[in-house]
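Here is a short tour of helix packing and one internal cavity, written with a modeller's eye in mind. Have the structure open beside you as you read.

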Amino acid sequence: MIGDQKVLFSGMQATGNLTLGNYLGALKNWVHIADEYLTFFSVVDLHSITIRQDPAELRKRARNLLTLYIAAGLDPEKNCIYYQSHVSGHAELAWILNCFTYMGELNRMTQFKDKAAKHADNINAGLFTYPVLMAADILLYQADVVPVGKDQMQHLEITRDIAQRFNAVYGDVFTIPEPYLGKTGAKIRSLQDPEKKMSKSDENPNASIYLMDDADTVIRKFKRAVTDSEAQIVYRDEQPGIQNLIDIYGACTGKAPEEVVREFDGKGYGEFKMAVGEAVVAQLRPLQERFAQLSKDKAYIDGIIKSNAEKASYYATKTLRKVQKKVGFPDRIR
């Protein structure tokens with residue numbers, strides 16, 4: 001809580017290309033809930049370097065992601081949209097919180113185990129302490145709520161544990177964050193393996209719809225989407241491919257699954273896939289047009305980057321100075 005406003009924090013990594021799943025499951029939902037809170041939406045580029053990145057590519061992707069936040073409908077005058085790396089408080093608080101986090105807690109993090117298995121040649125300390133930096137991201141702004149998916153819930157739980165441990169020693173320094181329990185975004189799965197979520201790191205290019213895919217590419221990918229031999233457009237777990245297409249169509253048109261099933265009753269899979277593809281194209285077109293427009297206005301984006309970094313730093317410093325005083329660091333001479 002800052003003043004009389006509840007605070008919401010969230011962010012995305014500046015790696016890979018955002019997918020339709022990222023948009024429908026998170027970004028679009030942020031736009032809907034932003035007016036309810038004092039919001040901080042970060043491009044979490046510090047997290048990105050646990051895996052080796054090409055420097056020029058990382059800078060480009062970070063700028064594109066920040067621009068996409070705005071193109072999706074987040075007003076940078078009302079929402080603090082900023083680069084994590086531009087606010088030193090994230091790293092400073094993370095070090096302090098490292099000293100209040102136990103090795104056993106970090107050893108239990110399933111995401112560390114998964115990423116370590118995928119990047120066995122680069123199991124670095126940053127990957128291990130990733131959840132502590134995530135805790136710093138959230139606690140730095142005294143966030144009341146954090147929109148998280150199931151795969152991130154464990155990180156929110158350790159954030160709460162760290163905050164409660166610190167508060168037990170030093171008093172009520174940190175707000176204990178809760179998961180955002182309002183309207184959740186659509187859960188979009190891979191077009192080639194509907195048992196998995198759609199991922200920007202999927203090696204199969206036909207598995208994911210990327211936000212900058214042109215209309216022909218989108219339609220082609222939906223034509224190739226995995227379905228089944230049932231030949232029935234029914235919303236049930238036994239048909240995960242069709243269920244996923246129904247979810248996508250519903251998220252793009254605002255229709256409930258039962259409405260979608262009625263609309264396509266008796267229709268074939270080919271016709272349905274085409275309709276889903278066209279709905280996605282219509283959904284992405286204004287986003288792509290706005291992104292292209294914003295990308296040409298370098299001065300405007302540069303201004304947002306500067307002003308919002310200053311705004312984020314202001315709030316971050318208030319928490320950080322309080323924490324530094326509590327743990328016994330010397331006062332700064334002004």
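## Helix packing and a cavity

On one side of the contact between H1 and H13 are Leu 20, Tyr 23, Leu 24 and Lys 28 of H1, and they meet Val 280, Gln 283, Leu 284 and Leu 287 of H13. Sorted by class, the residues of this contact are six nonpolar, one polar and one charged. Please keep in mind that this is a predicted model.

How do the two helices lie relative to each other? H1 covers residues 20-33 and H13 covers residues 269-295, and the two pack at an angle of about 65 degrees with their axes 12 Å apart. Angles of 65 to 115 degrees count as roughly perpendicular, and H1 and H13 are therefore roughly perpendicular to each other. The crossing in which H1 passes H13 is left-handed.

Next comes H4, which takes part in two of the packings described here, one with H8 and one with H14. The table puts the geometry of the helix pairs side by side.

| Helix pair | Angle between axes | Axis distance | Crossing |
|---|---|---|---|
| H1 and H13 | about 65 degrees | 12 Å | left-handed |
| H4 and H8 | about 120 degrees | 8 Å | right-handed |
| H4 and H14 | roughly 25 degrees | within 11 Å | left-handed |

Take H4 (residues 89-98) with H8 to begin with: their packing angle is about 120 degrees. That makes H4 oblique to H8. In this contact, H4 brings His 90, Leu 93, Ala 94, Leu 97 and Asn 98, while H8 brings Val 132, Leu 133, Ala 135, Ala 136, Asp 137 and Leu 139. By class, these residues divide into eight nonpolar, two polar and one charged.

Now turn to H14 (residues 298-327), whose axis crosses that of H4 at roughly 25 degrees. Angles under 35 degrees count as roughly parallel, and H4 and H14 are therefore roughly parallel to each other. Gly 89, Glu 92, Leu 93 and Ile 96 of H4 meet Leu 320, Val 323, Gln 324 and Val 327 of H14. Here the class split is five nonpolar, two polar and one charged. Leu 93 of H4 thus appears in the contact with H8 and again in the contact with H14.

H8 also leads us to the cavity. How many cavities of 30 Å³ or more does the structure hold? There is one, and the largest cavity has a volume of about 50 Å³. Its lining consists of Met 109, Gln 111, Phe 112, Lys 115, Leu 127, Tyr 130, Pro 131 and His 155.

Which helices supply at least two residues each of that lining? They are H6 (110-118) and H8 (130-139), and H6 gives the largest share, three residues. By class, the lining has five nonpolar, two polar and one charged residues.

Methods:
Residues are numbered from 1 along each chain as its sequence is written. This is a predicted model: local features need pLDDT of at least 70, side-chain atom pairs count only at pLDDT 80 or more; totals for chains, interfaces and linings use all residues. Side-chain values use heavy atoms; hydrogens and water are left out. On a 1 Å grid over the protein atoms alone, a cavity is a set of points where a 1.4 Å probe fits but cannot get out, and a pocket is an open set with protein on both sides within 12 Å along at least five of seven lines; lining residues have an atom within 4 Å of a point. Grid points are joined across faces, edges and corners, and a volume is the space filled by probe spheres set on the points. Helices (H or I, at least four residues) and strands (E, at least two) are DSSP runs, numbered from the N terminus. Ala, Val, Leu, Ile, Met, Phe, Trp, Tyr, Cys and Pro count as nonpolar, Asp, Glu, Lys and Arg as charged, and the others, Gly among them, as polar. Axes are lines fitted to C-alpha atoms, for helices over the stretch in contact, and angles run from 0 to 180 degrees between N-to-C directions. Angles under 35 degrees count as roughly parallel, over 145 as roughly antiparallel, 65 to 115 as roughly perpendicular and the rest as oblique. A crossing is left-handed if the near helix is turned anticlockwise from the far one by less than a right angle, and right-handed if clockwise. Contact means heavy atoms within 4.5 Å.
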